[in-house]
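Student: Could you take me through one part of this model up close? I'd like the second largest cavity and whatever sits around it.

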Amino acid sequence: MTADDFLKAILTKDQKSSAKRVADPYELTEEEFQDILRSAPTHSKETRGLFRGLGKGAVISYAEYLFLVSILSKPRDHFLKTFQLIDVDGNWVLTKDEFELVEKIFSKGVVEENIENTTLKVHFFRMDGGGVITFDDFVHFLDGLQKECLEVEFNEYAKGSAQIRESDFTELLLSRTLLSELEKDKYRSRITKRMSSDGDGISFYQYSQFMNLLNDIHDLEIALRMFQIAKKPVTPEEFQRAVRVCTGTPLDSRMVSLTFKIFDEDGDGHLGHEEFMKVMKDRIRNRGTVDVEIPPKSWKAFRKCVHEHMMISNV
């Protein structure tokens, strides 16, 4: 699988069409394979837009695909837990051997052969496998990947503009949920009726700030549930306060207003927080993924990706 294939696979709304968007498999020669590995950037360099920069010049294994997809569907506080699980000797750095344990876990026995080197392994541990990555390196990479996925997703709707419409934001928010089309139509109808007429769109900063609520969604759920227990309505001011307490940063006022346009069912200025949490929880489960779970049978689909079908001798 190439970096292009990876981004297409995790950001395609319709999984059936995803296979059509991935390039046809082809065989790499040993020389081509080694050239791709030698071109992999080291983790010491800026990794923003890493996967888009690599394009088709990358080799990503099935186990790495599963690992990255799993990470993308977790809030940020899980990064530390994930790192500690991989860091077997507890010295706060990861070696190639420790990282390869992840491959065994995520492949769940469906991969018979381990690829000695991939673009990701060379990125983290150098061509000779002697490098290490710290927790800060690990978080920097994952933050960059999450942001890159958000940028690709945003740009698909922006179509060259610096902003998207409120209706586009609503579609993005609903696109990777388990809601039926009938349920989605309910939200589409609301935003159509309540859409701003000032012509201002949603910037990437505003979009990413809202989506980053997913990193603190569990704390936010507890805060909103307290209002429910106290039988107290969640007003825009109370919602803003809950977000600030949970994240340490106030949410852009435009996004607070838009949240209520989408999730205030009767327009009384009170958040339908059960609806809000259902949609947000669906997003966290499916962020960066098309399915809630990745079944073992997906190996067959994955093998159709470019570089997992290669036959390289003497590897």
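**Around the second largest cavity**

Tutor: Let's start with F51, which counts as buried because its relative accessibility is 3%; buried means under 20% relative accessible area, exposed over 50% and partly exposed in between, with a 1.4 Å probe and protein chains only. Before going on, a word on the source: this is a predicted model, where local features need pLDDT of at least 70 and side-chain atom pairs count only at pLDDT 80 or more, while totals for chains, interfaces and linings use all residues. Residues are numbered from 1 along each chain as its sequence is written, and side-chain values use heavy atoms, with hydrogens and water left out.

Now the hole itself. The structure holds three cavities of 30 Å³ or more, and the second largest has about 70 Å³ of space. A cavity here is a set of points, on a 1 Å grid over the protein atoms alone, where a 1.4 Å probe fits but cannot get out; lining residues have an atom within 4 Å of a point. Grid points are joined across faces, edges and corners, and the volume is the space filled by probe spheres set on the points.

Who lines it? The lining is A3, P41, L50, F51, L54, A58, I60, T119, L120 and H123. Helix 4 and helix 8 are the elements that give two or more residues to it; helices are DSSP runs of H or I, at least four residues, numbered from the N terminus. By class, the lining has eight nonpolar, two polar and no charged residues. For that count, Ala, Val, Leu, Ile, Met, Phe, Trp, Tyr, Cys and Pro are nonpolar, Asp, Glu, Lys and Arg are charged, and the others, Gly among them, are polar.

Take T119 next. T119 lies in helix 8 (residues 119–125) and counts as buried because its relative accessibility is 4%. Leaving aside neighbours within four places in sequence, T119 is in contact with I36, L37, A40, L54, G57, A58 and V59, where contact means heavy atoms within 4.5 Å. Of those partners, A58 is found in the loop between helix 4 and helix 5, and A58 is buried, with a relative accessible area of 0%. A58 and A40 are 18 residues apart in sequence, yet 7.5 Å apart in space, C-alpha to C-alpha.

On the other side of that loop, helix 5 (residues 62–72) is mostly covered, with 10 of its 11 residues buried. Y65, F67 and L68 are among the buried ones.

Back to F51, which has a ring partner. A search of the whole structure finds 20 aromatic pairs, and one of them is F51 with F141, tilted, at 6.5 Å centre to centre and 45 degrees between the planes. The pair links distant parts of the chain: F51 is in helix 4 (residues 50–54) and F141 in helix 9 (residues 135–158), 90 residues apart. Rings of Phe, Tyr and Trp (its six-membered ring) pair if their centres lie within 6.5 Å; planes under 30 degrees apart count as stacked, over 60 as edge-to-face and the rest as tilted. F141 is buried too, with a relative accessible area of 4%. Ring pairs link F6, F51, Y65, F67, F99, F124, F125 and F141 into a cluster.

Terms used: 1 Å grid on protein atoms, 1.4 Å probe; cavity = no way out; pocket = protein on both sides within 12 Å on 5 of 7 lines; lining within 4 Å.
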